[in-house]
Structures are given as C-alpha cells and as structure tokens.
Amino acid sequence: MIREFSLVDIYYLLLAARWTLALTGLAFLGGGLVGLLIAVLRVSPVAPLRALGAGYISIVQGIPLLAWLFVFFFGLPILAGVRVSPWIAAMVAFSIYAGAFLGDIWRGCLQAIPRQQWEASASLGLSFADQLRYIIVPQAVRVAIPPTVGFLVQLIKNTSLAAVIGFVELTREGQLTNSTTYRPFTVYIVVAAIYFAMCFPLTQWSRSLERTLRVSR
Amino acid sequence: MRYAFNFRDIWAQWPAIAEGIGVTLMLTAVTMLAGLAIGALGAAGRVYGRSWLRTPLAAYVEVVRNTPLLVQLFIIFFGLPSLGVRLDAVTAALIALSVNLGAYTTEIIRAGLEAVPRSQIEAGYSLGLSGVQVFRHVVLSPAIRIVYPALTSQFVLMMLATSIVSQISAPDLFHIASIIQSRTFRDFEIYTVIAMVYLALALILKLLFAATAQIAFARR
C-alpha cells in the first residue's frame, strides 16, 4: 500500500543510519587490523614479505568492492560450509577491502619518517619490531591521522554497497521506504542529506587536522 | 556435502561477458573524458573565478564527495523521473558517474593549479599570450603533469566503481554477472570470474597510464 512520506519515515531513516555507523565502525576495526599487518609487511626488511604486502594491496584495490561483497556473500557458505548472514559477509568483505587502503595509507606514513631514524635506531641495537614500536610508529601516527579520518569518509559512503546483499543500513532503508511511499526523489535526497551530515564534519575535521599537524612540524 | 565447482557453465557465457566488458570500458572512457573536462573547468573556476562562481563550485565538490555514488545514482535514475526528467539506465549512469568523478578531478586539478607559481603566469602574459593561452600552456599542462598520478589512480577507482551502475540495470560487466548467475545458479563461480576480469582491467589500465606518462612526459 502506498502511504505518504512523513516525519516518521525520516525518523526511521535516522535509525537506520545507526547501522551504517555500526558497520563502518566494525569495518574500520577489521580493516585497521589487516591494514596494520599490511603496512608493516610493506616496510619489513624481508623482500618477499614486502612483495606479499604490495601484492595484497594491488589485488584488493583492483577488484570492485561490490565484487568482494558478492564473492563472500555467496562464497563463504561454500568455503566454510555455513550459511552466513549479510553481517558476516559484509564484515569480512569490508575488512579485506579497508585493510588494503589503510595498509597503503599507513605504509606511506611509515615511509614518510626519515631514513636516518631507522638507521639511528638500528645502530642503537633495536630490533625491527622495537624500531617500529618505539621510534617509527609514534612519529608516523601524527602523519597518519588526517588521511585515516579522510578514509573513514570513504568507508561510510562505501557501506551503502552493503545494501545490495540485503544488509539493512541507511541506503537499504531508503529503498524500503521508497517502495512503500513511492517518493523516490524526496527519499533519496533525505538519505543523501543524512550521509552528508555524517561525512561532512569528518571531512572538515580531517582538513583542519592536516593544517594543524603541518604547522606544528 | 562437498561443493562441486563448475566453471564450464561460466565459460560458455563468454560472449555475454565480452559484451559486458565493452559496456564497462565505454562507461569508463566517457566518464574519464567528461570528468577531465568538468575537473579542468571546475578547478579553473575554483582558483580564478569570482566568488559567485567559487561558492557553488565548492558546494558541488563537497556535496558529491560526502555522499555515496549509489545514492547519487538512485536520485538521478529513480528520483528525476518524478520531476519529469526520464532517463534510460545508461544515460543516467553516465551522468551520475561524470558528476561524481568531476567533483574529485576538480579537487585534484585544483591542487595542481595552485602548485603553478604566480611568476610563471606573469611571464606568460609578458610574452603576449592571451588569458586562455596562458591557462592552457602555462598552467594546465604542467598542473596535469603534477597531479597525473593522483588523477590516474582516481580513474582506475572510477573504472571499478562503474560496477555500481549494475544496481540500476545498466548492462555493464557486473550486471551481466547477475544475469549469468540467474541463468546458471553458479553464483560463487561467476563472481570470482568477474572479480578476476576487473582485476585484469585495472592492471591493464594502470599499465596504459604508466606508458602514457612515459611517452607524454619523457622529453621534458
């Protein structure tokens, strides 16, 4: 039955935005762990490990996120032998996907630290792990924050693709609302506005961080 | 129960896959050209324009970059008809992709334009070049060279993002995958194959861009 688009629908869309944020948070957590591993592989002193990290990044970044979602949505039941909910499929796909981008961003930040820092810490007898932990990472984190916040915006927008495997977040809720009210223009403008309200502050924050961190260096 | 993989049914569908690749490449090429044109004009407007031009351009960039492409596509394809603008799926896809890419290229090229020193522009004018000539030869081409890596990696991302237009049934590679899925019920196999095709396209595109850079920027 077709009913009017009203404030209640906007309220439901806002509620659905919570799932967008929840998925973004989990994807960032999973992607962060993968990304940390990949970034460390990329700067490791062992050449095959560096190649492994580079290979991971270029393969994952060369395949559309939509394809990752479908491969895991249909593939996990086959590979793991269990039926998976859209939650699990989306989590796995987003972790793998975000891991490649975060890994690439953080590699750049690790490499932005001057060579001499590595050499000086090596000459003090620190192991690779200790060099990273005590010398390189604490300095790289400052460089890493603005682009990481910028990527968070990408991630929020990309969670909209989880709608296509039936994950009910903001975009999917928009589709459902549209199918009962048949007000596509209004519904999707409201959906876009909610995304904008989540992303724009982050974009601005990333920019101001970039400015303040650059000045203080 | 063991799952028996079956890729033979997928290979049998290669003509459809080839057609899908054709549509994806067409979408990518048109979007790249349109995105480049929007980006060059948008960046020029943002850097050299008056405030009545700069403000709406800044708004365009921010709105597009802070909302998902999928929702932009839905607004154009499902939303515009209720305002009396009816578009077929491919046209809607091309508009959405170009508008989206244009916002990113505007920002990227703007960074390049701002990197060109003011003194070079003045030198161009003092040699008697017109405003348009200065923009083309003194500003735009060095700027493009500076931002070439950022620009081309955005193009590769855009090629992959064209897969999203399958959601409004534009007959691109990804949409073909869903058609083959419904014909064969081999969902895992088809999406794995399609993922590999995208990966190959992305790597080829990267190689082409690297080769183009070698040729275009070599003698300088």
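# Notebook: chains A and B

**Where the chains meet**

I started with the contact between the two chains, which takes 30 residues from chain B and 28 residues from chain A. On the chain B side, I found four helices that each supply at least two residues: H3 (51–65), H4 (69–79), H7 (131–161) and H9 (187–217). H9(B) gives the most, with ten residues. I also looked at what kinds of residue chain B brings to this side: 21 are nonpolar, seven polar and two charged.

**How far to trust it**

I reminded myself that this is a predicted model. For chain A the mean pLDDT is 92, and 98% of its residues reach 70 or more. Which elements of chain A have the lowest and the highest mean pLDDT? Helix H3 (residues 65–80) of chain A has the lowest, at 87, and helix H2 (residues 47–61) of chain A has the highest, at 96.

**Chain B overall**

I went through the secondary structure of chain B and got nine helices and zero strands. The C-alpha trace of chain B spans about 75 × 50 × 25 Å along its principal axes. Chain B has 220 residues, and 41% of them are buried. I then took the contacts in chain B between residues at least 6 apart in sequence, and 77% of these join residues at least 24 apart.

**The nonpolar core**

Next I looked up the largest nonpolar core, which has 121 residues. Which residues have the most contacts inside it? They are A:Leu69 and B:Leu73. Helix H4 (residues 86–111) of chain A gives the most to this core, with 14 residues. I followed A:Leu69 further, leaving aside neighbours within four places in sequence, and its contacts include A:Ala89, A:Ala90 and A:Ala93. A:Leu161, A:Ala162, A:Val164 and A:Ile165 are also among the contacts of A:Leu69.

**Helix H2 of chain A**

I checked the length of H2(A). Its 15 residues should span 21 Å at 1.5 Å a residue, and the end C-alpha atoms are 21 Å apart, so the two agree. The buried residues of H2(A) are A:Gly53, A:Tyr56, A:Ile57 and A:Val60. Seen down the helix axis, these buried residues fall within an arc of 95 degrees, so they line one face of H2(A). They pack against helix H1 (7–43) and H4 of chain A. On the other side of H2(A), I found A:Ala47, A:Pro48, A:Ala51 and A:Gly55 exposed.

**A:Asn178**

A:Asn178 sits in helix H7 (residues 170–181) of chain A. Is A:Asn178 buried or exposed? It has 21 other C-beta atoms within 10 Å, and 20 or more are needed to be buried, so A:Asn178 is buried. Not counting residues up to four places away in sequence, A:Asn178 touches A:Arg183, A:Pro184 and A:Val187. I also looked at A:Tyr188, ten residues from A:Asn178 along the chain, and their C-alpha atoms are separated by 8.2 Å.

**Two residues with positive phi**

A:Tyr182 has a positive phi of about 50 degrees, although it is not a glycine. I placed A:Tyr182 in the loop between H7 and helix H8 (184–216) of chain A. A:Tyr182 counts as partly exposed because it has 14 C-beta neighbours inside 10 Å.

In chain B, I noted a positive phi near 60 degrees for B:Phe185, again in a residue other than glycine. B:Phe185 lies in the loop between helix H8 (173–184) and H9 of chain B. B:Phe185 has 11 other C-beta atoms within 10 Å, so I put it down as exposed.

Technical notes. Residues are numbered from 1 along each chain as its sequence is written. Chains are lettered from A and ligands numbered from 1 in the order in which they are written. This is a predicted model: local features need pLDDT of at least 70, side-chain atom pairs count only at pLDDT 80 or more; totals for chains, interfaces and linings use all residues. pLDDT is the predictor's confidence in each residue, from 0 to 100. Two residues are in contact if their C-beta atoms, placed from the backbone, lie within 7 Å. Ala, Val, Leu, Ile, Met, Phe, Trp, Tyr, Cys and Pro count as nonpolar, Asp, Glu, Lys and Arg as charged, and the others, Gly among them, as polar. A nonpolar core is a set of buried Ala, Val, Leu, Ile, Met, Phe, Trp, Tyr and Cys residues joined through C-beta atoms within 7 Å. A residue is buried if 20 or more other C-beta atoms lie within 10 Å of its own, exposed if 12 or fewer, and partly exposed in between; C-beta atoms are placed from the backbone. The expected span of a helix is 1.5 Å times one less than its number of residues. The arc is that of the directions from the helix axis to the C-beta atoms.
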